[in-house]
Amino acid sequence: EREFQRALELNSSSADAYDLYGRLCSALGRQDEAVAMQRRAQELDPMAHRSDYANSLLRAGRYDEALQEAQRAVEFDPHYDRVHATLGWALVRIGKYDDGIRELEKAASLSPTSTSWMAQLGQAFGEAGRLDEAREILRRLSDMSTRGYVSPYHMAYVLTGLGEYDQAMDWLERAYAERAG
């Protein structure tokens, strides 16, 4: 943290320093600081940080604001998978499951090799009560893991959405042991 503060002392217009410092604040549970850092990063370089501000608002539980920022970001760059995922989660969190799932499906279609977006879609299916679709994604991820690496963290996403918390914890412990995301 001291190094981020020093970086900003040396160059107060570094969007990347604000962005990364904001991510650190978020990881430490300091969501208001994260939002402020991400907002500043976006102001300094909106092309490079087009979804981070919306994502910080989402993590801070400020869903309506996250929705507005994510919608703006989608208009700015409709082909960016991450912003569709952020918009999807903002919609899910305000109870618009079908709309949110459509956005998560869009994120997954824009990046078909991303197991992260597929796993988040599975979590949203589970939270929406669409259990068969969530289990199908869990099956697909398991199948993919026989041919390549799938983060245990991604399996935990889907299991959490299904309400299978003990199994999700097992996968999270495995992710921790593997030093996965």
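**Exercise 1.** Determine which residues valine 158 touches, not counting residues up to four places away in sequence.

*Solution.* Contact is taken as heavy atoms within 4.5 Å. Under that criterion, valine 158 touches Ala119, Gly122, Gln123, Ala134, Ile137, Leu138 and Leu141. The model is a predicted one, in which local features need pLDDT of at least 70 and side-chain atom pairs count only at pLDDT 80 or more, while totals for chains, interfaces and linings use all residues. Residues are numbered from 1 along each chain as its sequence is written, and side-chain values use heavy atoms, with hydrogens and water left out.

**Exercise 2.** Describe the largest nonpolar core and identify the helices that supply at least two residues of this core.

*Solution.* A nonpolar core is a set of buried Ala, Val, Leu, Ile, Met, Phe, Trp, Tyr and Cys residues joined through side-chain atoms within 4.5 Å. Buried means under 20% relative accessible area, exposed over 50%, and partly exposed in between (1.4 Å probe, protein chains only). The largest such core has 40 residues, and those with the most contacts inside it are Ile137, Leu141 and Val158. At least two of its residues come from each of α4 (52–59), α5 (63–76), α6 (81–93), α7 (97–110), α8 (115–127), α9 (131–145) and α10 (152–161). Helices here are DSSP runs (H or I, at least four residues), numbered from the N terminus. The largest share, 7 residues, is that of α6. Another core, of 8 residues, lies apart from this one and includes Leu8, Tyr18, Cys25 and Met37.

**Exercise 3.** Characterise helix α6 by its span and its burial.

*Solution.* First, the span: the 13 residues of α6 reach 19 Å from first C-alpha to last, close to the 18 Å expected at 1.5 Å a residue. The expected value is 1.5 Å times one less than the number of residues. Second, the burial: 11 of the 13 residues are buried, among them Trp89 and Leu91. Third, the cover over these buried residues includes α4, α5, α7 and α8. Finally, just after α6, glycine 95 takes a positive phi of about 90°.

**Exercise 4.** Is serine 56 buried or exposed?

*Solution.* Serine 56 belongs to helix α4. Its relative accessible area is 5%, so serine 56 is buried. Leaving aside neighbours within four places in sequence, serine 56 is in contact with Ala34, Val35 and Gln38.

**Exercise 5.** Classify the accessibility of methionine 169.

*Solution.* Methionine 169 lies in helix α11 (residues 165–178). Because its relative accessibility is 44%, methionine 169 counts as partly exposed.
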